[in-house]
Amino acid sequence: MSDLQGAADGRKPVFGAERRVRILELLRANGTLSLRQLAEAVQSSEVTVRRDVRALEADGLIDRHHGGASLPGELSREPTHLQKAQVAKAEKAAIADLAVALVEDGDAVVIGPGTTTHALAQRLTGHTDLTVVTNSLLVAQALSASPRIEVVMTGGMLRGPVQALVGSAAERSLAGLRTRRAFISGNGLTAERGLSTPNMQVASTDRALAASAEEVVVLADHTKIGVNTMVQTVPADEIAHLVTGDAAPQEELYELSARGVRLHVARL
């Protein structure tokens, strides 16, 4: 919970109305959070927090969804790359360090947009005979000075918040491609819905990125595990690997593993 703004580390447990006020503050600072994250932040049980969330939803103050809660309209809110870059920095670096082992010299891979996928790209600069297909401006920039890496960019319309090319032109440029692995991220990941994102165009392009690879690798820090956003991109049973951090909710990881997802957990 060290990455949650306003977490209650070191404070005494709170009760009733004060606890609900703190839950609202946490959601305003962090967007969408799982019940586990909220329970840890207010030092209460998930059962208690679930009751609080139901009460806040009844008052119209928040939206409740599977395994967590958000502010009204938060499921469709798209954080900017800069905003996402401030969250779980050390964990994202550790995830990228671990994910590098899934890329070999001579591979052809897809890397989608996101702060953690960008961190992975920064760690691939020493690879040779590598072909990287991407719709991310930041991924392409990170690899642009590597003479032994061929970077193939999709077409498409620039979506500023994620610094990536999306839309029908991007999807058409991916059609017919076959790569070894697609490394993609998102805004939420659950065993029930798989990977999700707030924006329909981004989701559609992410699906095309995933479809161009033999295996899908999801890079997701613990703040995304157990979280739902508006549009599904990749169902859990189509995800071959998940690279995450050791703060991720264990129950959700167990359910993902039961659906055939191979887990790679970075230790901090």
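A residue is classed as exposed when its relative accessible area is over 50%, and as buried when that value is under 20%. These cut-offs are applied here to a predicted model.

The chain holds 10 helices and 15 strands. Of its 268 residues, 54% are buried. Contacts with a separation of 6 or more were examined by their spacing along the chain; 63% of them join residues 24 or more positions apart. The exposed area of the chain is about 11,500 Å². Carbon and sulfur atoms contribute 49% of that area.

Two residues illustrate the two classes. Glu 251 belongs to helix α10, which spans residues 250–258. Its relative accessibility is 61%, so Glu 251 counts as exposed. Glu 251 is also part of a patch of negative charge on the surface. The other members of this patch are Glu 46, Glu 192 and Glu 255.

Thr 134 falls in the other class. This residue is located in strand β5, made up of residues 130–134. Thr 134 has a relative accessibility of 0% and therefore counts as buried. Its contacts, leaving aside neighbours within four places in sequence, are with Ile 111, Val 139, Ala 140, Val 151, Val 152, Met 153 and Thr 154. One of these partners is Val 151. Thr 134 and Val 151 are 17 residues apart along the chain, and 7.5 Å separates their C-alpha atoms.

Definitions and conventions. Residues numbered from 1 in each chain as written. Predicted model: local features only at pLDDT ≥ 70, side-chain atom pairs only at ≥ 80, totals over all residues. Heavy atoms only, no water. Patch = residues over 30% accessible without salt bridge, like charges linked within 9 Å, V, L, I, M, F, W, Y side chains within 5 Å. Areas by Shrake-Rupley, 256 points an atom, 1.4 Å probe, with all protein chains shown as cover. Salt bridge = Lys/Arg side-chain N within 4 Å of Asp/Glu carboxyl O. Lys, Arg positive; Asp, Glu negative; His and termini not counted. Charge placed at Lys NZ, Arg CZ, Asp CG, Glu CD. Helix = DSSP H or I, 4+ residues; strand = E, 2+ residues; numbered from the N terminus. Buried < 20%, exposed > 50% of the residue type's maximum accessible area, 1.4 Å probe, protein only. Contact = heavy atoms within 4.5 Å.
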